[in-house]
Amino acid sequence: MDNIASIDILPKLDSIQRVIGKHTGNKPGPNLIFFGGIHGNELAGILALKEVIHDLNNLKPDFKGNIYALAGNLKAIETGKRFIGKDLNRIWFPNTLIPKEERSTIPEYKEKIDILNHLIEILNNRRPTYLIDLHTTSSHSTPFISISDTLKNRKIINNIPAHLVLGLEELLDGPMFSFFSELGLPAILFEAGQHDAISSYENHIAFIWMILAQLKCLQKRKIPRYRNCVETLRKSSPGGNKSFEIKFRHLIGEQEHFRMKDGFVNFQKIEKGETIAYNKDGKIKSRRKGYIFMPLYQSQGCDGFFLVKEIKPFWFKLSSRTRKWKMDKLIALFPGVHKTKNGTNAYLIDKNAVRNKIISLLHLLGFRKVYDNGQSLKMSRRPYDTRFPKTEKVLENIRKYLDLLTS
Ligand SMILES: [Zn+2]
């Protein structure tokens, strides 16, 4: 990990606008909306988007659809901080909205409204639309993808050589990509590596080209050095690609004085009882074995670290099949599991009576946790699992949400 070249060697960004760049294809196809800099200290994605769009505008290949590259937290990008008032990647779901009285003082409120208005403008062409959110991490990391686990989202990332992490969407303050997935847009998150490493910029470029090929905007042979793109990502994940699910999150409490133990890299193997971090009470030890995920090595942020567990490929195959068979009706036969009154798409689970295996089974069947009070939890089926709605419906969902934000 020594002597890693930095993105400082790249040309500096001038003042940054919401639209970083745009490429309009010569044939009809989908809208691909890429975000860079949702966190203001993550410039690698923005630089990579500029580079790919510059190449496309020069090469003018046959291209189906349109690419829009949007910058995320403009105010935070200007100052090089993750965020100014609130983390722009944690204020999308209804329980985390910026309260009315804070709207004038938290700049992320205006950023959000502006982003939504840009999306509406793009979606007005009524084309199918995909959202791709580019990030980097504070620790050194092999690249990874995260999605809300719908079959449709899985299909987009099928052939991309990077780790997959599931379960970010279940955090109460869920990330932006999972919010848009719930509104009806296929959405994926890509984390390319450490914030300043040049390899993160290269991984982003490789990933963007591969997504363009995957969504059939562009033929592989028209992509400059396509094989290199595949190789770049492959080389970044020595030991091959795995899938993981989040099993534990250390949320940093107020006045906790959290400090990560030095030297962890993302996806490093952890034993039960191993010291992972420190706080005012002393050592924080791992309560389970697994892999460390997103260890926090920067001052801003409230997630200290996560622990993840590997999901074997067999379970993935099984879960695609079982979702199609709609097997979840059988789940209600287990003691401690009850259908909610308003339909079959959600279950209330008594945590004292139900083993973790049932919860894992519900995950496989396409359900995600929406509520957990320690005693019981509610799991409901993800909307739009196998099929995404028409763009009109997504537009209607975004407009309704905007009304909620501005009323
Ligand atoms: Zn980020």
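Here is a friendly conversation about a predicted model.

Biologist: Let's begin with the sheet. Which strands are the edge strands of the open sheet?

Modeller: The open sheet has 11 strands with mixed pairing, in the order β1-β3-β2-β4-β7-β5-β6-β8-β14-β13-β10. An edge strand pairs on one side only. Here the edge strands are β1 (19–24) and β10 (269–270).

Biologist: Helix α1 packs on that sheet. What angle does its direction make with that of β1?

Modeller: Helix α1 covers residues 44–59 and touches β1, β2, β3 and β4. Its direction makes an angle with that of β1 of about 30°.

Biologist: Now for helix α5. Why is helix α5 described as largely enclosed by the rest of the structure?

Modeller: Helix α5 spans residues 176–183 and lies across β2, β4, β5 and β7. Its buried residues include Met176, Phe177 and Leu183. The helix is largely enclosed because the buried residues number 7 of the 8.

Biologist: On to the metal. Which residues are the protein donors of the zinc ion?

Modeller: The donor atoms lie 2.0 to 2.3 Å from the zinc ion. Glu42 appears twice in the list, each time through OE, while the histidines use ND1. The donor residues are His39, Glu42 and His135.

Biologist: Is the arrangement of those 4 donor atoms tetrahedral or irregular?

Modeller: Four donors count as tetrahedral if all angles lie between 85 and 135 degrees. Around this zinc ion the angles run from 56 to 143°, which makes the arrangement irregular.

Biologist: How many residues apart in sequence are the parts tied together by glutamate 42 and histidine 135?

Modeller: Glutamate 42 lies in the loop between β2 and α1, whereas histidine 135 is in strand β4. The pair therefore ties together parts whose separation in sequence is 93 residues.

How values were computed: Residues are numbered from 1 along each chain as its sequence is written. This is a predicted model: local features need pLDDT of at least 70, side-chain atom pairs count only at pLDDT 80 or more; totals for chains, interfaces and linings use all residues. Side-chain values use heavy atoms; hydrogens and water are left out. Buried means under 20% relative accessible area, exposed over 50%, partly exposed in between (1.4 Å probe, protein chains only). Helices (H or I, at least four residues) and strands (E, at least two) are DSSP runs, numbered from the N terminus. Two strands pair if DSSP finds at least two bridges between them. Contact means heavy atoms within 4.5 Å. Axes are lines fitted to C-alpha atoms, for helices over the stretch in contact, and angles run from 0 to 180 degrees between N-to-C directions. Donors are N, O and S atoms within 2.8 Å of the metal (3.2 Å for Na, K and Ca); water is not among the atoms, so sites may look incomplete. Four donors count as tetrahedral if all angles lie between 85 and 135 degrees; four count as square planar and six as octahedral if opposite donors are over 155 degrees apart and all others between 65 and 115; anything else is irregular.
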